[in-house]
Amino acid sequence: MTVSSGSPGWYLRRLSRMGPQEIGGRAGDAVRRRRWRSAQPDGPTVTGARFTAVLPAGTIAAVPPDAAKRLVADADRLMDGHAEYFGVLREDLADPDWWLDPKTGRRAPSGYAFDVPYRSEDAVGDIKQIWEPSRHQHLTVLAAAYAITGDERYAERVAEHLRSWWEANPPLRGVHWISGIELGIRLLSWVWVRRLLEGWPGAAGLFEDNPVALNQIWHHQRWLAAFPSRGSSANNHIIAEAAGQLAAACAFNFFPSSARWQAGALRSLERHLRGNTFLSGLNRELATEYHGLVLELGLAAVAEANAAGVPVPATVRLVLLRMTDALAAIVDNRLRPPRQGDADDGHGLIVDGTGTDRWASLLATGEAVFGRLDWWPDVTGTDVRTPLLAALIKPGSPTVSRPASRPAHFADAGLTILRGPEEIWCRCDGGPHGFLSIAAHAHADALSVEVRRDGVDVLADPGTFCYHGQPKWRQYFRSTLGHNTLQLDGDDQSVSGGPFLWTRHARSRVLEAAADHWSAEHDGYQGAVHLRRVELESTTQELRVIDEVRGPSRSVRLAFHLGPEITADLVGNRAQLTWTRDGEDRRAVLDLPGQLSWRAHRGESDPPLGWYSAGFGRKQPSTTLVGTGTGSADGTEGFTTVLRFRG
């Protein structure tokens, strides 16, 4: 069933997932929005402001030449007006229309921000396509290119875009004043733009000596202080809001409220970093890209506080340390982390060019700030961001014990990594459905597995693809059938109430986790329990998956999604898998349960099946093997799948 957001039924379901405190807070927000409609004060008059949060001398010289070359190449493409957002090529970035969705051709309506129906693609267009350029992360790329080359063309283009944006988006007017995460990330970008333009003669005139800029900065911070993400929505969004607020209050500390905003943002950051992170260091949303986003935002926020001499609670650095160690523990040999949960290609701070590895960059920054452990994977790539952040963040680890060896099982998150010879990597999921009562970025993927060999997706998590505007695709990519797990009676394990809302959560429990095997169960199907055991035999390079259904006999669909590089030849219940890695042919045999009838699906759209999304807004056909049949009534007969790597 497709469930849309914004309907009366959706509002009732959403309300049912809130507690009394959240309801009261949102009621107060509604009153404040009505009051702000008719009362939009100008920011205070500021004179004599000076920007002092500059990079230490020698920082730019420490940027590796190859990383600088990639950055400048991207900056030159931007200067020519070229950019890509979520699979859509734009040729208008020399002089962008800030309200245009190039995918649908629609422009967002004007008017009071909180009246804009941003969830409606018919009225607004694809909101992600409109919002993303206005995070101004292309401007941090251009500003970094200026800092590295001294070429004033980059700085002048940044100034043109900022003045254009400020004119087109006065406070509280239009689509860019609706979402706190957008305001927070935009503020962080502005701080870094100003920092990287230091030395350009027009920098002060663009920012601290510019009443329009000061009014925008003040209104952004006023907005964030008034409308924080609350209760069941206090996920990565509140981290972005706090990080952006803290960055601006530290670097643009020109206003009477700056000290209050700074203190409030630091309290929020500390509270919600702890709340959003398991003690093991993994992000509670169990969506790996959001682990990366929150870690980027946290490191950027600490950099701003350190640059301003503002004391940072030890718990903030402790959480970021644990997140960094956890990331080092879960990546495969090519430094790719799991593809678990939602992913929308969101970044906290972009100062690097295409080809820079996001995860290698985060680990490099972690090494510079906290120090690497002996078991960490080697990071061979280079990036621009690490020397910039490391120049501002005071180095040193909190005085806590860190893992003596590479963790394989994260009990609180229910995530286990099995590793074998020839760089076999297998993620097993037996954790909570998601974070908070709505589990906004969760997928119905209990007991699913991902399997890679030497970084190639063999049994793949298909990804996310979209959020708004394409409900059947949103439903598919977060469905049980859209993952490497077992489905009963055609139902999802958890019940969706909307594109970012789950009204019933499957409960999973890990039964056993060891270096070479794992087992877990979940209760997502009424009256039945799904049990799964995964065994990795290193000597034979064999992975065995055993599924059992305990309860009344039910119709079964068991899905295995192959990565886009895998070619499959299915005969009966045996699939021959082949692919190429670094010019070498690789192969494997997938023996599927004989009790089920197997079919290969590829690139089907009605309904969707057989797709892989490498990034937000992008999808490509891939092969999905689906077996159908009936589950055992007594639970004694399991479904056994065996994956054997052959070369």
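Two strands are said to pair if DSSP finds at least two bridges between them, and the strands themselves (E, at least two residues), like the helices (H or I, at least four residues), are DSSP runs numbered from the N terminus. Strand E18 (residues 584-591) and strand E25 meet this condition, since they pair in the antiparallel sense over four bridges. The structure in which they lie is a predicted model, in which local features need pLDDT of at least 70 and side-chain atom pairs count only at pLDDT 80 or more, while totals for chains, interfaces and linings use all residues. Residues are numbered from 1 along each chain as its sequence is written, and side-chain values use heavy atoms, with hydrogens and water left out.

It helps to begin with the whole protein. Its secondary structure comes to 17 helices and 25 strands, and its C-alpha trace spans about 80 × 55 × 45 Å along the principal axes. The radius of gyration, which is taken over C-alpha atoms, can be set against a globule rule of 2.2 Å times the number of residues to the power 0.38. For 647 residues a compact globule would have a radius near 26 Å, and the 25 Å of the protein agrees with this. Of the 647 residues, 59% count as buried, where buried means under 20% relative accessible area, exposed means over 50%, and partly exposed lies in between (1.4 Å probe, protein chains only). If contact is taken to mean heavy atoms within 4.5 Å, then residues 24 or more positions apart account for 72% of the contacts with a separation of 6 or more.

We can now return to strand E25, which covers residues 639-645 and has six of its seven residues buried. Besides its pairing with E18, in which Leu590 has Leu643 of E25 as its bridge partner, strand E25 is joined by six bridges to strand E14 (residues 542-550), and these two strands run antiparallel. Within E25, Val642 is the residue that stands opposite Arg544.

Another group of strands forms an open sheet, in which five strands follow the order E3-E4-E5-E6-E7 with antiparallel pairing. Strand E3 (409-410) and strand E7 stand at the edges, each with a single partner strand, so one side of each is left without a neighbour in the sheet. In general, the strands of a sheet pair through backbone hydrogen bonds, either parallel or antiparallel. Starting from the E3 edge, two bridges join E3 to strand E4 (residues 415-420), and His409 stands opposite Thr416 in E4. Further along the order, strand E5 (residues 424-429) is joined to E6 by five bridges, with Cys428 having Val449 of E6 as its bridge partner.

Strand E6 (residues 449-453) has five of its five residues buried, and both of its faces are covered, with Val449, Val451 and Arg453 on one side and Glu450 and Arg452 on the other. Three antiparallel bridges lead from E6 to strand E7 (residues 456-459), where Asp457 is the bridge partner of Arg452. These two strands form a hairpin with two residues between them, and in the turn Asp454 has a positive phi of about 50°.

Two single residues show how the surroundings can be described. His220 has its place in helix H10 (residues 211-226), and because its relative accessibility is 0%, His220 counts as buried. Leaving aside neighbours within four places in sequence, His220 is in contact with Trp165, Trp177, Leu183, Arg186, Leu187 and Trp190. Glu91, by contrast, is exposed, with a relative accessible area of 53%, and lies in the loop between strand E2 (88-90) and helix H4 (121-124). With neighbours within four places again left aside, Glu91 is in contact with Gly81 and His82.

Lastly, we come to an open space. On a 1 Å grid over the protein atoms alone, a pocket is an open set of points with protein on both sides within 12 Å along at least five of seven lines, and lining residues have an atom within 4 Å of a point. The second largest pocket is lined by 46 residues, of which Trp10, Arg26, Tyr118, Arg119 and Ser233 lie nearest its centre. Several helices each supply at least two residues of this lining, among them helix H2 (20-38) and helix H13 (288-308), while helix H1 gives the most, with five residues.

Key
On a 1 Å grid over the protein atoms alone, a cavity is a set of points where a 1.4 Å probe fits but cannot get out, and a pocket is an open set with protein on both sides within 12 Å along at least five of seven lines; lining residues have an atom within 4 Å of a point.
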